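Reader: Hi! Could you walk me through this one with me?

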Amino acid sequence: MRKISKVCILSALLLGFSAFVSAAEPGASSNPSKVDTSAENFAKAFHTVAGKFDGKHKINHTKGFSAIGEFKAASNLKDFYDIPMLTSKGKIEAQVRYSVGGPNPNGSDKTPGLGFGIKLKGNGSEWDMALASAPINFAKTKEQFIGFLQSRFPDKDGKVNPKKFEEFVKTSKPAQRFLAYNKIRGISKSVSNVAYYSLHAFMFKTADNKMQPARFIFVPARGERTLSKEELAKTKDNYLEDTFKKDLKKGSVKYYMYIIPARTDDVIDDTSMPWDDLHAKIYVGTLSVTKYEGHKFAQDVFIPGVMPKGVAAPKDELFQLRNHVYGITFSERQ
């Protein structure tokens, strides 16, 4: 197995796509009024990609498993941020759900696209996080996002036309960046060896009463590891859940949470734009996952808009969309 170098990965992205910032990136509609970017239409689009819906399962990140644990904030966090939920002394419980991207409940775990839902509860507050195993998204705008989904719609014969997806990618720099990143990041050995990213730049209240844009990350205490070609060939499709249970026998699975403040030259309203790995990181605390809970939280929803005092919504246009779509699809499962 091999370690992943975030510096190498992000440097490759930055060097490979020098023209990141432009007035209007390809892939965004020149006439947005002709594109239905309502949350309802996004929910329909996800259903179209997913196929038959049984009314019970999630339409994306369908496959997954649950666990519980505890979050312990850094003792000096109040020197940096004013987030009462974390800086108070009470216990913070954690419910988590690990997931595999896509709508197939029986799909292979051997994919780079993994998710991590975290629900923190304590000190009279709650914080929901819906994290991804990639630091960037495949779209900046709603138009690019719906275009990505529509390119995966099946034709009349029920099959997805790969040429349609290829043609879309040619028009979208965010999709190109995302796919380039997927090609070099490998398949994780275990969910215990995955770093999970916020994607969005949230607004955090600092100790000196300012609102600071920042992304955040959960870094695995056991290090990031991917499977070698030989290991990948010998690994069964359904391995993440069993591997996690084995990992727990060695002790709690821990992740270190860091806030990554934006620099003045960072784009904070575009989840498809990578930030380099040279940013300052402020240690927030440690998430200790201690007990496997089967599929207990399979039907729960982790809405990023559920935030504690001291944390405010990002400024990008996809954030509220995510919240609304999650709400719609959650209500469909009730």
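Author: Happily, starting with a term: on a 1 Å grid over the protein atoms alone, a pocket is an open set of points where a 1.4 Å probe fits, with protein on both sides within 12 Å along at least five of seven lines. This is a predicted model, so local features need pLDDT of at least 70 and side-chain atom pairs pLDDT 80 or more, while totals for chains, interfaces and linings use all residues. Residues are numbered from 1 along each chain as its sequence is written, and side-chain values use heavy atoms, without hydrogens and water.

Reader: What volume does the second largest pocket have?

Author: About 360 Å³, counted as the space filled by probe spheres set on the points, which are joined across faces, edges and corners. Its lining (an atom within 4 Å of a point) has 21 residues, and T62, K63, G64, P105 and H295 are the closest to the centre.

Reader: Which element gives the most to that lining?

Author: β3, with four residues. Strands are DSSP runs of E, at least two residues, and helices of H or I, at least four, numbered from the N terminus.

Reader: Switching topic, at what angle do α2 and α9 pack?

Author: About 60°, with axes 9 Å apart; axes are lines fitted to C-alpha atoms over the stretch in contact, and angles run from 0 to 180 degrees between N-to-C directions.

Reader: And which residues of α2 meet α9?

Author: A39, E40, F42, A43, F46 and H47, where contact means heavy atoms within 4.5 Å. Their partners in α9 are L321, H324, V325, I328, T329 and E332.
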